[in-house]
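Here are a few short exercises to work through with the model open beside you. Try each task before reading its solution.

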Amino acid sequence: MNLSIVGSGYVGTTIAACFADLGHDVTAIDIDETVVSKLNDGVAPIHEPGLADLVKTHAGTSLRATTDYSAVRETDVTFLALTTPSNPDGSIDLSIMKAGTRSLGDALADKDDYHLVVVKSTVTPGTTGDVIRPLLEEASGKVAGEDFGVAMNPEFLREGSAVTDFLNPDKLVFGAEAARDYDLLEALYQPLIDRTDAPVVKTGLREAEMIKYANNAFLAAKISLINELGNICKAYDVDAYEVADAIGLDERIGPHFLRSGVGWGGSCFPKDVAALIAAARDTGYEPQLLQAAVDVNDRQPGRMLSLLDDHVDVSGKRVAVLGLAFKPGTDDIRESRAIPTIEGLLDRGATVVAYDPVATDNMRARFPDIEYASSAAAALAGAHGALVVTDWDEFAALDLEFDAMETPVVIDGRRIVSTREGITYEGLTW
Ligand code: UGA
């Protein structure tokens, strides 16, 4: 099939390369000329394992990019994969989505054949049907349900494994309104369905929109619940990881996302939970449990800092922060728990020395005045305390490096460091 994808960010580029790999003819559309020429040169504009190879393989043949929306007329289906940033109240800002939708509608005005527009971006219930569809009708002068259809197909890709996640989905969610739109989506994903046996959920537009939020809200709340249980465990000298391993054997609970510690960050969980809370409030419903999940998450870095306070007065002292990325395998620091951790240390008058294998440059833009070490060993040397924020594998191998600390107090927010004699070691929830 011929398809176009509007937006070449993390989601748009990943799905463009993956659909090309499934045998489709893909045109990526983006207003950024640098991104477009990179893609046409066979270079992935973002870093995601496996993506560079796919872009290199398919660029110039089944994958091309352009800034010109009229290219959609040569395609049967267009995905909208534009960013939906947060407003100050947590709700999503649809201005970029609306601008892209208008340009798409303008281009579709001159297309004769039926076209399917699929919303891939994360949008709150009602957006596809009540905002995108009328905008498309207005800009194209065409009639939804006759000349074109709208669908919603959420993504469940994780940063750092987006290509693998796309090619091995645990489900495909097709939100649509007409049989021919479900059929088009099915035809598009057929190579993947044949290969993986992934279950297909056919549902309405609003349900598809909500499934994405419910998925992320459930996972974020699951982590906050295990963190709250972990905080209670710590108070009773109980190992929360042994407890989590045992309850994870109950298949109703499951073993995943039960790693307690300093909490969740990234570009998705915080933003999506906030948007769902704002959407709920908009209807007059107060989502207490989701708000509690956020509150528990917000408090974990402070708990880590107060464990350090129990051992050292850090004022005027050098303290190491190990790990700046919101999770291992990425240089992304958005909503990283390292940010409130560093702020808390600076509030206490500590001299912060931070280390991360890949995220240092990004954090330097956020905190230009703290010290950045080139290795964990260099960060630990002379430190009066160390806070472990990201579970990078290399931190598991740290050992003699702790001996170079002035006071070897290690507060582990991720259960990654191996403790031993000679270190004052505190797990956040164990
Ligand atoms: C998340 C979801 O997992 C994806 O399914 C979804 O598609 C994506 O958001 C999105 O909406 O685009 P991602 O943000 O890449 O993916 O990261 P995760 O691997 O889910 O981790 C999120 C945070 O939870 C990290 O800070 C991680 O350290 C934390 N976490 C995860 C825990 O604290 N404990 C755990 O047991 C698992």
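**Exercise 1.** In this predicted model, decide whether Asp170 is buried, partly exposed or exposed, then find its salt-bridge partner.

*Solution.* Start with the accessible area: Asp170 has a relative value of 57%. Exposed means over 50%, so Asp170 counts as exposed. Next, look for the partner: Lys171 forms a salt bridge with Asp170, with 3.4 Å between the closest N and O atoms.

**Exercise 2.** Classify both ends of the salt bridge between Arg348 and Asp309, and place each residue in the fold.

*Solution.* The two side chains meet at 2.9 Å, N to O. This pair links distant parts of the chain, 39 residues apart: Arg348 sits in the loop between α12 (338-347) and β10 (351-355), and Asp309 belongs to helix α11 (residues 288-309). For exposure, Arg348 has 28% relative accessibility and is partly exposed. Asp309, with 33%, is partly exposed too.

**Exercise 3.** Describe the surroundings of the ligand: how many residues surround it, and which helix gives the most to the shell?

*Solution.* Count first: 20 residues surround the ligand, and Leu157, Glu159, Lys212, Asn216 and Cys268 are the closest. By class, the shell has nine nonpolar, three polar and eight charged residues. Then turn to the helices: α8 gives the most, with three residues. Finally, check the oxygen atoms of the ligand. One lies 2.9 Å from a polar backbone atom of Phe326, and a polar side-chain atom of Lys327 is 3.0 Å from a ligand oxygen. Taken alone, the ligand exposes 730 Å², of which the protein buries 92%.

Terms used: Residues are numbered from 1 along each chain as its sequence is written. This is a predicted model: local features need pLDDT of at least 70, side-chain atom pairs count only at pLDDT 80 or more; totals for chains, interfaces and linings use all residues. Side-chain values use heavy atoms; hydrogens and water are left out. A residue is near a molecule or strand if one of its heavy atoms lies within 4 Å of it. A polar contact is a pair of N or O atoms within 3.5 Å; within protein, one must be able to donate a hydrogen and the other to accept it, and residues adjacent in sequence count only if both atoms are side-chain atoms. Accessible areas come from the Shrake-Rupley method with a 1.4 Å probe; for residues, only the protein chains shown count as cover. Helices (H or I, at least four residues) and strands (E, at least two) are DSSP runs, numbered from the N terminus. Ala, Val, Leu, Ile, Met, Phe, Trp, Tyr, Cys and Pro count as nonpolar, Asp, Glu, Lys and Arg as charged, and the others, Gly among them, as polar. A salt bridge is a side-chain nitrogen of Lys or Arg within 4 Å of a carboxyl oxygen of Asp or Glu. Buried means under 20% relative accessible area, exposed over 50%, partly exposed in between (1.4 Å probe, protein chains only).
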